[in-house]
Amino acid sequence: MDDESEARAMPRRPTPPSPPPWEALHLVAPFLDAASLAAASCVSTSWHTAFAADDLWARLCAQHFPSALGLLPDTDSDRRCSSPPHRRLFKLFRSASVRCRALPAPRLALADVSFAVDVVTAGGDSTLSFLVAADKAAHVENSAGLFLFGVDLSGRNGAIGPGEWRVRWTAVRTAARRGEEPAAVLMMDAKVPAARAAGAVAFGGRGEAGVSARLPAPGCGGAKLDAEVVVELAGEEKAVGKVRLGVMCECRYVCADEGLRYLQHFLV
């Protein structure tokens, strides 16, 4: 077989598809979303001219962020920037939406924390003291998911008696990581007036006496939180039944994750 016959026998290579005509780009562009427009504008210079047109991004701004149109720059500043003003506005407001995300889970777990509580009289005598792991403390009724815990001390036969008394609550990180020392933060050291406890158990009945104190602010600021301790009392001797421990924000108990995020500022 000669060279001419061999050349005729070989199949032809397929012709590569020709790029879409210039007019087609402008017809397709109005039907694309923001992500597709941004990707298409990076293909080539001609595609950038077609898909980065300011009227396309003006439509998207009006559709998704109409209030952003009030931030359009004046004509002079617009000339000094190469990208269209509506595309810059869309990028600005879209980035704000991406930044609005849920807080990360706390690095501290309830299993890492214990609560130490001391109840002392005005004279400094210890009336009742206990240490309890946060994950072992019983949750109070209807407190699922809240930073609110209850400890049953009815078997201790502890009684506060008459007069003023003081409550000291310390949170301790007992599960230290390798190479780290345990850490502690004072949640509360507050006085409970004698009249408050006396009024709670008037006529030898049962009642509650509580006290709250403003928590120290973490380094990054944030909401103002209060620690609360409520003691259930019974009888003239004010025998202690249960103790509730919680963290509040504007008279509402915070969720467990928010309480742990607060503690990690001091314990991690």
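# Exercises on a predicted model

Apart from neighbours within four places in sequence, Phe115 is in contact with Phe130, Leu131, Val132, Ala134, Phe147, Phe149, Trp169, Thr170, Ala171 and Leu245. The model is predicted, and the exercises below begin from this residue.

## Exercise 1: Phe115 and the cores

Decide whether Phe115 is buried or exposed, and find which residues have the most contacts inside the largest nonpolar core.

**Solution.** Start with the accessibility: Phe115 has a relative accessible area of 1%, and because buried means under 20%, a value such as this falls in the buried class. Next, turn to the largest nonpolar core, which has 43 residues, and in which Phe115, Val167, Trp169, Met187, Met188 and Leu263 are those with the most contacts. The largest share of this core, six residues, is contributed by S6. There is also a second, separate core, made of 15 residues, including Leu89 and Phe90. As a general background, nonpolar side chains in soluble globular proteins tend to be buried together.

## Exercise 2: Two aromatic pairs

Describe how the rings of Phe115 and Phe147 are arranged, and then do the same for Trp47 and Phe51.

**Solution.** A pair of aromatic rings is described by the distance of the centres and the angle of the planes. There are nine aromatic pairs in the count. In the pair of Trp47 and Phe51, the centres lie 5.5 Å apart with 55° between the planes, and the arrangement is tilted. These two residues stand four residues apart in helix H4 (residues 45-51), so about one helical turn separates them. Trp47 is partly exposed at 26% relative accessible area, whereas Phe51 is buried at 3%. For Phe115 and Phe147 the distance is 6.1 Å centre to centre and the angle between the planes is 75°, which makes the pair edge-to-face. This pair links distant parts of the chain, since Phe115 belongs to strand S1 and Phe147 to the loop between strand S3 (138-139) and strand S4 (148-152), 32 residues apart. Phe147 is buried, with a relative accessibility of 1%.

## Exercise 3: Salt bridges between strands

How many salt bridges does the structure hold, and which strands does the pair of Asp118 and Arg168 link?

**Solution.** The structure holds four salt bridges. In one of them, the side chains of Asp118 and Arg168 meet at 3.6 Å, N to O; Asp118 is in strand S1 (residues 113-121) and Arg168 in strand S5 (residues 165-173), with their positions 50 residues apart in the chain. Asp189 forms a salt bridge with Arg166, whose closest N and O atoms are 3.1 Å apart. Asp189 lies in strand S6 (residues 183-192) and Arg166 in strand S5, so this bridge ties together parts 23 residues apart in sequence. Both partners count as partly exposed, Asp189 at 37% relative accessibility and Arg166 at 25%.

## Exercise 4: The faces of helix H5

Find which residues of helix H5 are buried, and work out where they lie around the helix axis.

**Solution.** First list the buried residues of H5 (residues 54-64), which are Leu56, Trp57, Leu60 and Cys61. Then look down the axis: the buried residues fall within an arc of 135°, so they line one face of the helix. Finally, check the other side of H5, where Asp55 and Gln63 are exposed. Trp57 also takes part in a cluster in which ring pairs link Trp57, Phe65, Phe90 and Phe93.

Technical notes:
Residues are numbered from 1 along each chain as its sequence is written. This is a predicted model: local features need pLDDT of at least 70, side-chain atom pairs count only at pLDDT 80 or more; totals for chains, interfaces and linings use all residues. Side-chain values use heavy atoms; hydrogens and water are left out. Buried means under 20% relative accessible area, exposed over 50%, partly exposed in between (1.4 Å probe, protein chains only). The arc is that of the directions from the helix axis to the C-beta atoms. A nonpolar core is a set of buried Ala, Val, Leu, Ile, Met, Phe, Trp, Tyr and Cys residues joined through side-chain atoms within 4.5 Å. Contact means heavy atoms within 4.5 Å. Rings of Phe, Tyr and Trp (its six-membered ring) pair if their centres lie within 6.5 Å; planes under 30 degrees apart count as stacked, over 60 as edge-to-face and the rest as tilted.
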